[in-house]
Amino acid sequence: MRTLIQKIHIEEYNSFACRTYRTPDFETAWHKHLECELILITAGNGTALIGDYIGDYKKGDIFFLSPDLPHWFRKSNQETVGSAIVIHFRKDFLGPVFLGLPELKNISKYLDNKDTCIQLQNELLGTIEDIIRKLEYTEGIDRLLLLITCLQMISVSPEYKIITKAFDAMTGGEENSVIEEIIEYSFKHFLNPISLQEVAGITSMSIPTFCRFFKRNIKKSYFDFIKEIRIGHACKLLRETNKPVLDICYESGYNSWAHFSKQFKDVSRITPSQYRKQHIEV
């Protein structure tokens, strides 16, 4: 698997793309593209890697990504089906004059956010989901108006959270393929002890060189990266199973409750028990 600079196909009779990607087309490598992306997850769940963000995704989630932001949605179970409705459009797809109109200042300002991803929340999430599902089967000017409506509603709403911001992807094709290899290896082995010597070895780098390389490209240390993958896995088990928290600690790659508890709180800002209670009540 090599990282892609993905070329988005837009039909000559449309100004932007909107289509469903379903397994096996849903599965892509760590990639980026020139287009903005508005993605609605319609089936499956797993881990989203977007810039320096690592977190869960599930059916019904909606993310908005600015151009050139590397990302990857990885299913938690490779035997299940993943699916999403994805809208791709260039920042200037309406034309520079159109975006300069006073009535579109909120949209224009929003599209100028650099290397940023937001995740929609609360009532906005349901409203935009309905529009995206309708947009997929709409044609002509109505299709364009639905997308503008989406962008306007998002741009004036407080119901979203910024999950990554100003992520400057400096890697070229060769470096990206190394990042892809590291990510792939990490997801296969995160439940087991991983040493820097081990992971640096797969890249044929010394440990200091590997640590600098990873930090420069992912904007966090390798062990912080592994920590977030493990805690994300623990969160999934807390939400979706009734297993005792101590069992989840051991099933998430930890052999010490104290270490697990500290790292869980570092990532989630709450304890594992509080996290489970929050999500049961929801």
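This section describes the pockets, cavities, a surface patch and selected backbone features of a predicted model.

The largest pocket has a volume of about 1100 Å³. Its lining comprises 33 residues, and those nearest the centre of the pocket are Tyr53, Gln119, Lys161, Tyr275 and His279. Both strands and helices contribute. At least two lining residues of the largest pocket come from each of the strands β6 (53–57), β10 (117–120) and β11 (160–164), and likewise from each of the helices α3 (122–135), α8 (222–240), α10 (257–268) and α11 (272–281). Helix α8 provides the largest share, 7 residues. Sorted by class, the lining of the largest pocket holds 14 nonpolar, 11 charged and 8 polar residues.

The second largest pocket has a volume of about 320 Å³. It is lined by 19 residues, of which Thr47, Ser76, Phe187, Phe190 and His233 are the closest to its centre. The elements that each supply at least two residues to this lining are β5 (46–50), β6, β8 (71–75), α5 (173–189) and α8. Helix α8 again gives the most, here with 6 residues, as it also makes the largest contribution to the lining of the largest pocket. Strand β6 likewise supplies at least two residues to the lining of the largest pocket and at least two to that of the second largest pocket. The class composition of the second lining is 6 nonpolar, 7 polar and 6 charged residues.

Enclosed spaces are also present. The structure holds 5 cavities of 30 Å³ or more, and the largest cavity has a volume of about 170 Å³. Of the 14 residues that line the largest cavity, Phe26, Thr28, His31, Glu37 and Val86 lie nearest its centre. Two or more residues of this lining are given by each of β4 (36–43), β8 and β9 (83–89). Strand β8 is also among the elements that supply at least two residues to the lining of the second largest pocket. By class, the largest cavity is lined by 7 nonpolar, 5 polar and 2 charged residues.

On the surface, Leu246, Tyr250 and Trp257 make a nonpolar patch of about 300 Å². Tyr250 belongs to helix α9 (residues 245–251). The relative accessibility of Tyr250 is 45%, so this residue counts as partly exposed.

Three backbone features were noted in loops. The peptide bond from Thr23 to Pro24 is cis, with omega near 10 degrees. Pro24 is situated in the loop between β2 (17–22) and β3 (31–32). Asp68, which is not a glycine, has a positive phi of about 60 degrees. Asp68 is placed in the loop that lies between β7 (62–65) and β8. With a relative accessible area of 31%, Asp68 is partly exposed. A positive phi, near 60 degrees, also occurs at Ser204, a residue other than glycine. The loop between α6 (196–201) and α7 (207–218) contains Ser204. Ser204 has a relative accessibility of 71% and therefore counts as exposed.

Terms used
Residues numbered from 1 in each chain as written. Predicted model: local features only at pLDDT ≥ 70, side-chain atom pairs only at ≥ 80, totals over all residues. Heavy atoms only, no water. Patch = residues over 30% accessible without salt bridge, like charges linked within 9 Å, V, L, I, M, F, W, Y side chains within 5 Å. Areas by Shrake-Rupley, 256 points an atom, 1.4 Å probe, with all protein chains shown as cover. Salt bridge = Lys/Arg side-chain N within 4 Å of Asp/Glu carboxyl O. Helix = DSSP H or I, 4+ residues; strand = E, 2+ residues; numbered from the N terminus. Buried < 20%, exposed > 50% of the residue type's maximum accessible area, 1.4 Å probe, protein only. 1 Å grid on protein atoms, 1.4 Å probe; cavity = no way out; pocket = protein on both sides within 12 Å on 5 of 7 lines; lining within 4 Å. Points joined across faces, edges and corners; volume = space filled by probe spheres on them. Nonpolar A, V, L, I, M, F, W, Y, C, P; charged D, E, K, R; others polar.
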